[in-house]
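Biologist: I'd like to learn how to read a model like this one, feature by feature. Could you take my questions in turn and show me the case here each time?

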Protein chains: 2
Amino acid sequence: MVTVSLPDQSWLDAVGEVDGVTTLVWDPAEPPPEEDVEVFVAPYMAKPEQIEPVKDKPSVRLVQLLSAGVDAALPVVPEDVALANAHGVHDAATAELGVALVLASQRGFDEFATAQPKGAWLPRKFRPGLADKRVLILGYGSVGSAVARRLAPFEVEVTAVASRARAGDDLVEQVHGVDELTDLLPEQDIVISVLPGTAATKGVLGAEVLAALHDDALVVNIGRGPALDTDAALAEAGRLRFALDVTDPEPLPADHPLWTAPGVIISPHTGGVTDAFRPRMVALLREQFARLAAGKDPLHVHPRG
Amino acid sequence: MVTVSLPDQSWLDAVGEVDGVTTLVWDPAEPPPEEDVEVFVAPYMAKPEQIEPVKDKPSVRLVQLLSAGVDAALPVVPEDVALANAHGVHDAATAELGVALVLASQRGFDEFATAQPKGAWLPRKFRPGLADKRVLILGYGSVGSAVARRLAPFEVEVTAVASRARAGDDLVEQVHGVDELTDLLPEQDIVISVLPGTAATKGVLGAEVLAALHDDALVVNIGRGPALDTDAALAEAGRLRFALDVTDPEPLPADHPLWTAPGVIISPHTGGVTDAFRPRMVALLREQFARLAAGKDPLHVHPRG
């Protein structure tokens with residue numbers, strides 16, 4: 001039997017029974033259980049102090065997060081304990097938010113939202129729409145391909161860019177390397193950044209790159225805020241449009257000029273935050289536990305050291 | 001040779017040369033041309049008086065509209081002249097607006113739009129999203145299936161309803177008859193009406209039908225306003241959400257309570273109004289003209305009499 005702790009009763013109930021697995025509740029704000037817990041599932045959006053108690057439980061050999069990001073866990077999980085993230089669990093919600101931001105800006109929802117409380121029925125005006133547009137997905141991993149899959153029936157032409165060029169998949173003929181980005185941009189109508197928050201991605205969408213886009217092109221950010229240089233975005237707002245679920249800084253202070261810059265739509269880092277999260281997370285936990293009970297290696301382990 | 005008139009030089013240039021077809025400009029505000037025009041293309045959003053001049057041109061045997069609706073043309077086109085609409089030309093733009101309205105409401109864009117000018121970064125809150133939801137498309141024709149095609153990759157379950165039950169297609173297993181609507185509704189999270197504006201569809205979404213929906217379900221209207229009973233919608237706003245591109249009355253007067261009803265998003269009948277229109281309309285015109293030059297029957301002729 002593998003002994004697994006879950007952060008509260010609702011997760012225990014949701015996961016249910018798994019062959020070869022004993023489940024119990026360990027809320028890290030409470031004293032640790034007596035049992036020899038081998039897999040510790042951290043609370044949703046755990047802070048470091050909510051993961052740190054595993055240090056005093058030498059039976060723990062895997063810490064399973066309920067998020068994709070591992071930043072809070074890395075400093076407090078001992079080197080010899082495996083750390084697994086919730087890879088793929090947020091893909092559906094994040095990708096659909098990407099499409100939502102694209103459609104909201106292309107179809108003028110920001111103008112409609114301003115007009116609505118005034119009771120203003122805006123005159124007929126041809127807006128760009130999404131059909132026939134060229135869309136570049138910057139950061140073509142799990143979320144990026146989920147975006148491409150959702151865009152496919154909208155009669156668009158999708159270009160995928162990742163850190164290095166590689167062969168395509170069922171959605172794109174090829175994946176371009178980021179070194180080709182500036183050459184590809186002048187042809188694009190829409191750029192969707194799904195870049196993670198690393199030193200390498202900081203400011204990738206800076207002044208020079210944005211300058212390569214044609215007038216009225218749209219830049220969407222559903223990755224991490226710092227990939228888009230905020231000063232460069234402010235300088236281009238009006239010539240370009242922006243639809244941002246993530247910003248730098250984040251949260252955006254109330255007096256930040258991005259809130260009221262022309263053609264900018266902001267959602268408050270809500271990419272993965274929908275009803276889709278819980279059933280997908282439960283499915284991943286059940287699969288993970290079943291693997292461990294069968295003596296297999298855990299999925300989605302973050303490389304350490 | 002078939003002689004075709006187009007309403008202005010820009011349409012003439014856009015259509016270009018078609019084998020066996022002579023094109024010329026006839027702006028119906030001007031005197032008719034001397035040539036024996038056989039096909040008259042009406043201006044975009046033509047009023048009856050912009051179509052009526054064909055009565056004095058007995059050579060005209062087909063009036064081609066640049067819209068799907070034939071209401072303005074029917075009273076002024078002689079019975080022995082064929083009348084063709086722009087069937088399918090608005091499908092891409094209208095279907096993508098349907099998905100845009102769904103996503104905007106499911107993901108809380110109305111709340112974000114209210115918060116943005118205040119510089120308010122809203123706290124994290126799980127919203128319904130689109131993944132895993134059951135979506136009913138009411139009025140499963142050309143636009144309805146275009147909506148279903150765009151929804152397919154969003155991990156939803158789509159149910160199609162039309163005036164009469166029939167076999168399904170590559171997107172839905174079967175098409176239900178509208179007589180099954182009330183039985184189907186309690187299971188649905190989202191209803192998208194694509195119903196046209198006819199006597200039979202008026203008030204189909206009335207108080208009794210809306211009452212069958214569970215709390216927080218979303219009703220989207222991208223068909224014609226009168227299919228949704230406005231008083232019934234106002235009574236249910238708050239319990240249900242609404243995202244409406246068409247309304248009754250339309251345009252909505254500035255002091256109408258729908259503008260400020262809770263959970264209601266309104267776009268100003270902008271379904272077909274994007275850059276996608278012109279290239280699709282040009283393709284249809286070229287196909288239509290080529291058919292006529294080849295002696296075939298015209299496409300999309302409205303049944304008369």
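**Reading the model together**

Biologist: Let me start with a residue. Where in chain B does B:Gln64 lie?

Modeller: B:Gln64 sits in strand 4 of chain B, which covers residues 62-64. Keep in mind that this is a predicted model.

Biologist: Is B:Gln64 buried or exposed?

Modeller: Look at the relative accessible area; anything under 20% is called buried. For B:Gln64 the value is 0%, so this residue is buried.

Biologist: Which backbone atom does the side chain of B:Gln64 reach?

Modeller: The backbone oxygen of B:Asn85, at 3.2 Å.

Biologist: Let's step back to a whole chain. What is the secondary structure of chain A?

Modeller: Chain A has eight helices and 13 strands. Its C-alpha atoms fill a box of roughly 65 × 45 × 35 Å along the principal axes. Of the 305 residues in chain A, 55% are buried.

Biologist: How do I read distance along the chain against distance in space?

Modeller: Take the two numbers side by side. A:Val143, in helix 4 (residues 142-151) of chain A, is 49 residues along the chain from A:Thr94, and their C-alpha atoms are 7.0 Å apart. A:Val143 has 17% relative accessibility and therefore counts as buried.

Biologist: What does the pair B:Ala276 and B:Leu258 show?

Modeller: Those are 18 residues apart along the chain, with 30 Å between their C-alpha atoms. B:Ala276 is in the loop between strand 13 (264-266) and helix 8 (277-293) of chain B. With a relative accessible area of 1%, B:Ala276 is buried.

Biologist: Now for charges. What is the idea behind a salt bridge?

Modeller: Side chains of opposite charge can pair when their charged atoms come close. Searching the whole structure over all chains gives 30 salt bridges.

Biologist: Which residue of chain A does B:Arg280 meet in a salt bridge?

Modeller: B:Arg280 pairs with A:Glu155, at 2.5 Å from N to O. This one crosses between chains: B:Arg280 is in helix 8 of chain B, and A:Glu155 is in the loop between helix 4 and strand 7 (157-162) of chain A. B:Arg280 is buried at 18% relative accessible area, while A:Glu155, at 38%, counts as partly exposed.

Biologist: And what does A:Arg280 meet in chain B?

Modeller: One partner is B:Asp132, with the closest N and O atoms 2.8 Å apart. That pair runs between chains, from the loop between helix 3 (109-115) and strand 6 (134-138) of chain B to helix 8 (residues 277-293) of chain A. B:Asp132 is partly exposed, with 39% relative accessible area, and A:Arg280 counts as buried at 17%. A:Arg280 also meets B:Glu155 in a salt bridge at 2.6 Å, N to O. A:Arg280 is in helix 8 of chain A and B:Glu155 in the loop between helix 4 (142-151) and strand 7 (157-162) of chain B, so this pair joins two chains.

Biologist: Which residues do salt bridges with shared partners join into one network?

Modeller: A:Asp132, A:Glu155, B:Arg150 and B:Arg280.

Biologist: What about charges outside salt bridges? Which residues form the negative surface patch?

Modeller: B:Asp8, B:Asp13, B:Asp27 and B:Glu30 form it. B:Glu30 is in the loop between strand 2 (21-25) and strand 3 (39-41) of chain B. Its 47% relative accessibility is why B:Glu30 counts as partly exposed.

Biologist: Last topic: the backbone. What should catch my eye there?

Modeller: Most residues other than glycine have a negative phi, and most peptide bonds are trans. Here, A:Glu155 has a positive phi of about 60° and is not a glycine. B:Asp132 has a positive phi too, about 75°, although not a glycine either.

Biologist: Where in chain B can I look for cis peptide bonds?

Modeller: Try the bond from B:Asp248 to B:Pro249, which is cis with omega near 5°. Then check B:Glu250 to B:Pro251, also cis, with omega near -5°. B:Pro249 is in the loop between strand 12 (241-244) and strand 13 of chain B, and B:Pro251 is found between strand 12 and strand 13 as well.

Definitions and conventions
Residues numbered from 1 in each chain as written. Chains lettered and ligands numbered in written order. Predicted model: local features only at pLDDT ≥ 70, side-chain atom pairs only at ≥ 80, totals over all residues. Heavy atoms only, no water. Patch = residues over 30% accessible without salt bridge, like charges linked within 9 Å, V, L, I, M, F, W, Y side chains within 5 Å. Areas by Shrake-Rupley, 256 points an atom, 1.4 Å probe, with all protein chains shown as cover. Salt bridge = Lys/Arg side-chain N within 4 Å of Asp/Glu carboxyl O. Lys, Arg positive; Asp, Glu negative; His and termini not counted. Charge placed at Lys NZ, Arg CZ, Asp CG, Glu CD. Helix = DSSP H or I, 4+ residues; strand = E, 2+ residues; numbered from the N terminus. Buried < 20%, exposed > 50% of the residue type's maximum accessible area, 1.4 Å probe, protein only. Polar contact = N/O pair within 3.5 Å; in protein donor to acceptor, adjacent residues only side chain to side chain.
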